[in-house]
Amino acid sequence: MMKGLGVSDGYGIGRVMLILDQKLDYTPREIADVDAEIARFHDAIDQFTKNTLEQADAVRKSTGDKEAEILEGHIAIIADPFMKGEIENLIKAHQCAETAVEQICQMFIDMFTATGDDLTMQRAADVKDIRDSLLAILLGVQEVKISDAPEGTVLVVRELTPSMTAGIKKENIVGIIAETGSQTSHSAILARAMEIPAVLSVPNALSQLSSGEQIIVDGFNGDVVTAPAQDTLDEYVAKRDTFLREKRELELYRGKPTVSASGETYELCCNIGTPKDAAKAMEKDGEGVGLFRTEFLFMDRTALPTEDEQFEAYKTAAVVLKGKPLIIRTLDIGGDKEIPYLGLEKEENPFMGFRAIRYCLKHRDMFKSQIKAILRASAFGDVRIMFPLITAVEELREGKALVEEAKSDLRASGIEFNENIPVGVMTETSASGVIADLLAKEADFFSIGTNDLTGYTMACDRGNSDVGYLYSPFQPSVLRLIKSIIENGVRAGIPVGMCGEAAANPMMVPLLISFGLTEFSVSAVSVLKVRKCIANWTKDEADKVAEKVMSMATEKEITDYLKTVI
Ligand code: PEP
Ligand code: MG
């Protein structure tokens, strides 16, 4: 048995196909004819672009737009004048194209890796993929043909690259194992999008496994079972069949309203990061967007997006949603979300530092331009504004004052917007939970961000494995805050949603029903699962469970009990 990180749900039972790294060895040489070498480099880029466009096309058909865009992004990276220019400069200094490509790509890989930031480190994986493809073209090395993999194949790779994914035929690949990768890496995103069970970060998988051997991939808990005995095999076949049957059964909930067994109706929305995700949310039957994380519009670029660029993005999402609610969270920069060009100073305690609403209120021009963009988009749908990381009433007041300023600017310019746009608070700090009664008087809605609420309440960093045992939304302290936030919202007559990961946890659902939550916002893939879960509970049953849970003293007691009732 080997262990890794389960990143894409499901059980894969099949035979191993090892994808070994290609031999990209060459002898660096001095070249005399610089122009001819630059032409060779340009030919390689042309070939790379052609291959990549073909791959993106295949991925768009098999998997989706978002995944195809990852590949198309590779063309943009190599076409970047700076990167391309640096490679040409090395060739002009008489280095061969292979050396120039390798050295400059390495420089970018080192630079991106050094940030330690998950998203920026993804760029390093992209550049590695580009480097290997360009070298393979320059050296005339044949790329591995994953598309030839037979039915029932478990792919074992060092790193699952976007270009590899292009060759995957979903009907033939039953599992993926990679030596590298995390929950948020491209490999994980791609595996989930293709709905192939995947386990990443399995050390030495390539050297420990052999092509053709039978293997089981447990994408839930990250187990890789080698040489399975017949009874283990039978057990996993049964688990796989149940999983697939339940997945099919979820389809019964498509197109239906979200209603509890006793008839209360809920809003079941999605969390998104780009306007494209809004389409995905609709495709997965979401009833709106409960959290649009706007950071993604600010990342992957070298300067701030303009008001017009932001407006286009927000408007696109609003139009796609056709009048369904769209809660846009203003910039939540800092902490785990870095935007290098803003030049934020390194802080001792970034999660407690100069971030989110705090940063925005001190950079009013930037903030106002985002608010104006959101207001302009409000003419195209049911758009709402949400402020992240609120800890004090003054922050909400200042934010709302800026919304009013932005409104009068737009009015003066004769630009349309919704005069009554709701302005809400993301309750994700313990402070906001404690003063929920005060905030509820001045906010139009609440949305509980349990990801941060748990970390701040338990004073523990979810990424730190030494304190990970404390990081649970089922800690009595966190549950008390959740209950109090919801009850204070209900008392003040405002809607209360939850957009943290906990909203999709079946053990949390009865508690939220009992406390009076009105909206669940979850990832698009969880919509049907949560709808089914809500349908299982009557308000009375949920109340009984919640009463019992709220009398318990420890997280273990609570989760042990909840496991028995779901
Ligand atoms: C949260 O904190 O729960 C949340 C939804 O926001 P994010 O994960 O973007 O911090
Ligand atoms: Mg948060």
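## Close-up views of a predicted model

The structure holds 35 salt bridges. Every view below comes from a predicted model, so please read each legend with that in mind. Side chains of opposite charge can pair when their charged atoms come close.

**View 1. Lys284 and Glu195 meet in a salt bridge.** Here the N to O distance between the two side chains is 3.9 Å. This pair brings together distant parts of the chain, with the two residues 89 residues apart. Look for Lys284 in the loop between helix H10 (275-283) and strand S11 (289-293). Its partner, Glu195, sits in the loop between helix H7 (186-194) and strand S6 (198-200). Is Lys284 buried or exposed? Lys284 has a relative accessible area of 19%, so Lys284 is buried, because buried means under 20%. Glu195, at 43% relative accessibility, counts as partly exposed.

**View 2. Arg376 and Glu307 join two helices through a salt bridge.** The side chains come to 2.7 Å, N to O. Arg376 belongs to helix H14 (residues 364-377), and Glu307 belongs to helix H12 (residues 307-321). The two are 69 residues apart, and the pair links distant parts of the chain. Arg376 is buried, with a relative accessible area of 13%.

**View 3. Five charged residues share a network of salt bridges.** Which residues are linked in this network? They are Arg364, Lys368, Lys372, Glu405 and Asp409. To find your way, note that helix H14 covers residues 364-377, while helix H15 covers 393-412.

**View 4. Arg329 pairs with Asp332 and also reaches ligand 1.** The closest N and O atoms of the Arg329 and Asp332 salt bridge are 3.4 Å apart. Both of these residues are buried. Arg329 has its place in strand S12, and its relative accessibility is 2%. An N or O atom in the side chain of Arg329 is also 3.0 Å from an oxygen atom of ligand 1. For a sense of scale, try finding Thr180 as well: Arg329 and Thr180 are 149 residues apart in sequence and 32 Å apart in space, C-alpha to C-alpha.

**View 5. Ligand 1 has a shell of 13 residues around it.** Which residues come nearest to ligand 1? They are Arg293, Arg329, Lys337, Gly449 and Asn451. A backbone N or O atom of Asn451 lies 2.7 Å from an oxygen atom of the ligand. The protein covers 96% of the 290 Å² of accessible area that ligand 1 has on its own. Glu428 takes part too, with an N or O atom of its side chain 3.0 Å from an oxygen atom of ligand 1. Strand S11 and helix H18 (450-458) each supply at least two residues of the shell. H18 gives the most, with three residues. By type, the shell divides into three nonpolar, four polar and six charged residues.

**View 6. Glu428 and Asp452 are the protein donors of the magnesium ion (ligand 2).** The donor atoms, OE of Glu428 and OD of Asp452, lie 2.0 to 2.1 Å from the ion. Glu428 lies in the loop between strand S14 (423-427) and helix H16 (430-434), and Asp452 lies in helix H18, so the pair ties together parts that are 24 residues apart in sequence. Are these two donors buried or exposed? Glu428 is buried, with a relative accessible area of 1%, and Asp452 counts as buried at 9%.

**View 7. Leu344 and Gly334 can be viewed together.** The two residues are ten apart in sequence and 8.0 Å apart in space, C-alpha to C-alpha. Leu344 lies in the loop between strand S12 (325-329) and helix H13 (356-362). With a relative accessible area of 29%, Leu344 is partly exposed.

**View 8. Leu389 and Ala459 each have a positive phi.** Neither residue is a glycine. Leu389 has a phi of about 55 degrees, and Ala459 has a phi of about 50 degrees. Where is each one found? Leu389 has its place in the loop between strand S13 (382-387) and helix H15 (393-412), whereas Ala459 is in the loop between H18 and helix H19 (476-492). Leu389 counts as buried, at 0% relative accessibility. Ala459 is exposed, with a relative accessible area of 66%.

Key
Residues numbered from 1 in each chain as written. Chains lettered and ligands numbered in written order. Predicted model: local features only at pLDDT ≥ 70, side-chain atom pairs only at ≥ 80, totals over all residues. Heavy atoms only, no water. Salt bridge = Lys/Arg side-chain N within 4 Å of Asp/Glu carboxyl O. Helix = DSSP H or I, 4+ residues; strand = E, 2+ residues; numbered from the N terminus. Buried < 20%, exposed > 50% of the residue type's maximum accessible area, 1.4 Å probe, protein only. Near = heavy atom within 4 Å. Polar contact = N/O pair within 3.5 Å; in protein donor to acceptor, adjacent residues only side chain to side chain. Areas by Shrake-Rupley, 256 points an atom, 1.4 Å probe, with all protein chains shown as cover. Donors = N, O, S within 2.8 Å, 3.2 Å for Na, K, Ca; no water.
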